[in-house]
Every structure is written in structure tokens, then in C-alpha cells.
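Here are my notes for you on this structure, written as numbered points. Keep the 3D view open while you read, and turn it as you go.

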Amino acid sequence: MKKNDTVLFVHPRHMSYGRDNQVPMGFLGLLNAVPAPVKALFQNEVSDNDLRSAAALAMDIFWYMSLSSAVALARRGRTVNPSLFIVAGGYTATVYAAPLVQVFDFDAVVLGDAEGPFPELVKTLREAGDLHSVPNLRLREKVTPWSYVLTREDYDSFDYLSLSRFPSLLRLARESHRFEGARFVYPFLPVYKGCIYPCDYCYGAPNYQKLLTRRGVVARSPARVLEDLRRLEAMGWVRRVYVVGDFLKILSPEYADEVLGTTYNLGIYYEYYEVPRPEDILKLAQAFKGEKTFSFFTGRNHAANSVSGIRVGEILGPARLAKKLGATVRINVPLDQLRRDAEFLAACKAMLVNMRGMDLVDSSLWYLRTPDPHGAAQEAPQDLAWSLDESKRRPFSWAIREVVVRWSSRGEMPYKWLWRLNTLALKAKIASSYYARPLRQLLARVLGNAAPPPAR
Ligand code: B12
Ligand code: SF4
């Protein structure tokens with residue numbers, strides 16, 4: 001790699017998912033830390049010329065839905081520019097590191113935390129050094145020691161918020177803050193990585209996190225989080241910040257007090273992983289002066305079940321308090337659980353009549369391939385074929401989502417209507433699933449069939 005060569009950062013298209021504008025926080029952190037000229041693009045912006053003039057192509061394969069697009073872009077990159085160095089990182093890249101370098105066109109995958117290894121990789125490439133000295137690398141013929149683990153010091157020193165190196169994301173982000181409402185583009189606040197809950201369907205769970213990053217929970221210092229919030233405030237155009245990670249529950253009360261013991265001229269979107277105490281709602285409502293959205297999980301998502309049961313009923317109390325404080329309330333229901341769990345279905349139906357003015361969100365479980373003791377997907381070849389296929393699939397709901405996402409980004413009213421319609425549709429889904437079972441039983445009895453077909 002020559003001294004002035006560019007590293008092309010590309011966020012791959014999520015084939016089966018209409019939310020390409022969500023970019024992993026870590027991608028931005030690495031982009032801002034790389035000691036080389038960079039260009040950052042969404043996949044649909046990449047031209048052959050970009051690929052030809054770059055020395056390295058770096059992609060996140062964080063969510064599995066980007067897998068097939070990333071593989072296709074790597075192929076295109078290799079064809080257009082055979083000497084291009086192609087590298088990926090993120091949860092899904094880690095799990096599929098071996099096939100990505102052995103079967104597809106990737107030269108390297110950074111395993112686990114990349115804050116240390118990735119800038120070092122770029123430096124080594126620029127100096128034409130020996131890649132085997134860079135930790136956490138899956139290369140074609142070798143795995144370098146997986147010795148880098150993110151520390152608080154490194155976490156604090158990284159900048160996960162600056163968008164100056166990614167102009168198209170900056171434009172989208174600014175647009176998304178023209179209106180009220182949680183549009184989920186930017187900024188996601190980095191507070192901690194990992195998780196304490198043992199949800200067996202999530203890479204955040206301690207046993208999987210250990211396999212995929214070799215560590216437990218790591219948090220930034222509260223002073224650094226506070227500094228980031230002040231930075232966002234100073235930008236002027238940022239109306240709200242997204243906190244996806246219930247630090248009130250997962251980190252110490254002192255930590256929360258240090259971050260929230262002041263006020264911010266910002267709004268907040270916050271996901272509670274467990275039923276919050278009233279003070280956990282009040283603290284946030286007092287600290288953030290702008291618009292607020294509080295999101296509550298029921299069922300088997302975000303620890304609610306693995307820790308303490310379904311708790312649909314318990315969520316309504318805190319949700320009402322949040323509403324009273326002027327927040328938009330989102331109740332997340334894993335609709336796929338309704339099919340399997342009659343008790344949960346009954347609890348959800350009872351909840352419907354009590355959630356006036358609250359939004360309902362489908363939080364069905366998402367795909368995860370179990371990592372083996374080396375952090376690789378078990379039964380990798382079959383899994384990979386399945387994942388590639390799955391990440392290419394474009395269900396009908398994808399098309400609807402594409403249209404809706406575009407429409408809702410046009411203004412305040414379409415966005416509000418979108419949520420109302422979505423809530424109505426999901427309510428209807430719960431109610432109809434609830435009545436489908438007794439109806440099927442009745443039908444079976446009328447038709448004289450002793451064994452009714454099982455509920456789907
Ligand atoms: C925060 C979060 C989100 C946020 C992401 C915010 C953001 N912009 O980063 C939001 C809410 C947007 C989100 C959405 C979704 N998420 Co999510 N999310 C998480 C969560 C809770 C934490 C992720 C985290 O800690 N990031 C920390 C940051 C700082 O680091 P990082 O971004 O991981 O980046 C590091 C590495 O990944 C790597 N890396 C990343 N990019 C690159 C690029 C290169 C070139 C390199 C070298 C390295 C690299 O290096 C970085 C530095 O170390 C995890 C669960 C968990 N506790 O881990 C689930 C998780 C990652 N999400 C998951 C899923 C499935 C989803 C959704 C599909 C769910 C949904 N209902 O919509 C969507 C998909 C969004 C999309 N558009 O595609 C799954 C992923 C499983 C999988 N294999 O796909 C997880 C593991 C949860 C689960 N249930 O299993 N999520
Ligand atoms: S609480 Fe959420 S982030 Fe933590 S392990 Fe469970 S699903 Fe993953």
C-alpha cells in the first residue's frame with residue numbers, strides 16, 4: 001500500500017432489511033481512527049472508479065443481513081482491482097471469518113474488538129510490514145493471536161460520533177433530525193459493550209460475548225459519556241440521542257448518577273431491558289429536556305423472560321408514568337412468541353385494551369448462528385449457505401418497509417401516521433391470533449375432528 005492510498009469504507013446493503021442507513025457505531029469509530037486518507041460510502045454509492053483508486057476496501061459485516069451484499073461487493077472489488085486489500089469486521093464477519101477468507105474474496109477479517117487491530121492493520125499495510133504481527137486477524141493461511149481486548153482507555157479514546165469523514169451519512173442524519181420522532185439513523189450513544197443477561201439468542205449474552213470478543217462488559221468512563229452528550233448538544237441540529245443498552249440497569253447506580261446528574265438540551269430514545277423502577281424513568285426525563293421515547297420489552301426479548309418471566313402486566317405501570325411525563329411510549333412484543341406461548345398471547349391481548357396512545361412494535365427474535373469455542377459458526381458451511389440465502393431474501397414485508405421508510409422520512413405527519421398504522425396492524429395481529437385458536441377448536445368440534453390442528 002502506498003503512503004497516500006485511500007481506504008474505502010463501505011457500509012454494505014442490508015438485502016432483506018430496509019434500514020441501510022443504520023451504520024454500526026464501531027464502523028464510525030474505526031473510520032475516525034484510521035491513520036490514512038479515507039472515503040466512506042454506502043454500497044449503492046460505490047463506483048468502479050472508487051474501487052480502482054482505493055488501496056483497501058473495509059466493510060462492516062455486523063448484522064447478518066449485510067452478508068450477501070458484502071460478499072458481492074468483495075467480488076466486484078476483486079474483479080475491478082485485483083490488488084485491492086479487502087477486509088471486514090463485526091459479529092457476523094467474526095463468526096464466518098474462515099469461509100470469508102477461504103471461499104470468498106476477503107484478504108482478512110478482524111476478529112472481535114477492532115479498535116486496536118484495525119488501525120494497526122492499516123498502518124502495517126501502508127508501511128508494507130508483516131501482517132502476522134497484527135493481532136485478531138483471520139488471514140487466508142493463518143490466524144494471528146487473538147490477543148486484543150477492548151479496554152476502557154481505548155474505548156474512551158475513540159470517537160464514535162464524528163461524521164466528517166462520511167458526508168452522505170451526515171446528510172441523512174441531519175435530515176432525520178428535522179422532525180420529531182425516533183428515526184434511528186444517528187447518533188447512537190456508546191456507553192458499554194457486552195451484556196449481563198443470559199439471553200440464548202443474542203451475541204451480547206456473556207457466554208457468546210466471551211467467544212466473540214474474549215471479554216465481558218466494558219464501559220466507557222461516565223465523564224467521557226457526558227462529554228459526548230455535550231458534544232452532541234453543541235452540534236445544534238441533533239434533537240435526540242439513541243441509547244440502546246440499558247445502562248441504568250447494567251452499570252452501577254453511581255455511574256448513572258454521574259451521567260444523569262445534569263441536564264442536556266437533547267431528546268432521548270431509551271430502551272429498558274427490564275421493567276424499570278419509577279426513579280429510572282424520572283432520572284432520564286429530568287436529565288433530557290427534549291423529546292423522549294421510552295421503549296419497553298415484553299416476552300422473550302431483552303432479558304425480560306430469561307430473567308424474570310413474561311411481565312407484560314408489570315410493564316404498563318412504568319409505561320403510563322412515562323406517558324404522563326410526556327414521552328412517546330413503545331411496547332415491544334415478540335410476535336413470533338405468540339404462536340408458541342398461549343399464556344403470553346392471553347397476557348398480550350389483555351394488555352391491548354390498556355395501552356391507549358402507546359405504540360406497539362414487533363420485536364420478533366432475530367437470527368443468530370451459535371459460535372463454537374473458537375468464535376466460529378458451528379457447522380459453518382451449511383450455516384453460511386443458509387445465511388447467504390437468508391440475507392438475500394426480500395420478503396414482501398421488505399418492499400412495504402422500503403416504501404414506508406421513504407414516505408415517513410418526508411415529514412412529521414407521515415411519520416406519526418406510520419406509527420399509528422403499524423400499531424393498529426400489530427394490535428389486529430395479536431387479537432386475531434388470540435381468537436384463531438378457539439375458532440379452530442370450535443371448527444374441529446363441529447367437523448367432528450377430535451384433534452384440532454396445532455396453532456401455528
Ligand atoms: C446497539 C445494538 C443495535 C443498535 C445499533 C446501533 C449502532 N448504530 O451501532 C440498533 C438498535 C440500531 C440495532 C439494530 C438491530 N440489531 Co442490534 N444490537 C445492538 C447491541 C445491543 C449492541 C451492539 C454493540 O455493542 N455495539 C458496540 C459498538 C461500539 O461496536 P460495534 O458497533 O460492535 O463495532 C465493533 C465490531 O463489531 C467491529 N466492526 C464493526 N464494523 C466494522 C467494520 C470494519 C471494517 C471492521 C474491521 C470492524 C468492524 O469493530 C468495532 C469496534 O470493535 C447488540 C447486542 C449486544 N449486546 O452486543 C445487538 C445485535 C448486534 N443486534 C442484532 C440484530 C439482529 C439487530 C436488528 C436486526 C434487530 C431489529 N429488530 O431490527 C437490527 C438491525 C439494524 C440494521 N439496520 O441492520 C443482533 C445481531 C445478530 C446477527 N448476527 O445479525 C445482536 C447481536 C442482538 C441479537 N439479538 O442477537 N442493534
Ligand atoms: S438483554 Fe438484550 S442485549 Fe442483553 S443479552 Fe439479552 S437480548 Fe442481548
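1. Let's start with helix α12, in what is a predicted model. Glu254 and Asp257 are exposed, on the other side of α12 from its buried residues. Those buried residues are Ala256, Val259 and Leu260, in a helix that runs over residues 253–260. Look down the axis of α12 and you will see the buried residues fall within an arc of 85°, so they line one face of the helix. There is a handy rule behind this: an α-helix has 3.6 residues a turn, so residues three or four places apart point the same way.

2. What do the buried residues of α12 pack against? Their partners are the helices α10 (222–235), α11 (247–250) and α13 (278–287).

3. Now try the same exercise on helix α17, residues 342–352, where Phe344, Leu345, Cys348 and Met351 are buried. Around the axis they cover an arc of only 120°, which puts them on the same side of α17. The buried residues here pack against α15 (312–324), the strand β12 (328–333), α16 (335–340) and α20 (412–446).

4. Next, a single residue worth finding: Phe106, in the loop between α5 (97–102) and β5 (108–110). Is Phe106 buried or exposed? Count 28 other C-beta atoms within 10 Å of Phe106 and you have the reason it is classed as buried; the cut-off for that label is 20 or more. Setting aside neighbours within four places in sequence, Phe106 is in contact with Ala74, Ile86, Val87, Ala88, Leu100 and Val101. Ala74 makes a nice example of how folding brings residues together: Phe106 and Ala74 are 32 residues apart in sequence, yet their C-alpha atoms are 6.6 Å apart in space.

5. Please zoom out to the whole protein. You should find 20 helices and 13 strands. Along its principal axes, the C-alpha trace spans about 75 × 60 × 40 Å. For 456 residues, a compact globule would have a radius of gyration near 23 Å, and the protein agrees, with 23 Å. Of these 456 residues, 42% count as buried. Among contacts with a separation of 6 or more, 73% are between residues 24 or more positions apart.

6. The domain assignment gives two regions to colour: domain 1 (6–139) and domain 2 (177–363). Their centres, taken over C-alpha atoms, are separated by 30 Å. Where the two are in contact, 7 residues come from domain 1 and 8 residues from domain 2. On the domain 1 side, the touching residues divide into 2 nonpolar, 4 polar and 1 charged.

7. Finally, have a look at ligand 1. Why does ligand 1 lie between domain 1 and domain 2? Both domains give residues to the shell around ligand 1, so it lies between them. There are 44 residues around ligand 1, and Pro24, Gly26, Asp60, Gly89 and Gly204 come nearest. By type, the shell holds 29 nonpolar, 10 polar and 5 charged residues.

8. One last thing to trace is which elements build that shell. At least two residues each come from α1 (25–33), β3 (54–60), β4 (85–89) and α4 (91–95). Which element gives the most to the shell around ligand 1? That is α1, with 5 residues.

Conventions:
Residues numbered from 1 in each chain as written. Chains lettered and ligands numbered in written order. Predicted model: local features only at pLDDT ≥ 70, side-chain atom pairs only at ≥ 80, totals over all residues. Buried ≥ 20, exposed ≤ 12 C-beta atoms within 10 Å, placed from the backbone. Helix = DSSP H or I, 4+ residues; strand = E, 2+ residues; numbered from the N terminus. Arc of directions from axis to C-beta. Near = placed C-beta within 6 Å. Nonpolar A, V, L, I, M, F, W, Y, C, P; charged D, E, K, R; others polar. Domains from an automatic or database assignment. Rg over C-alpha atoms; globule rule 2.2 N^0.38 Å.
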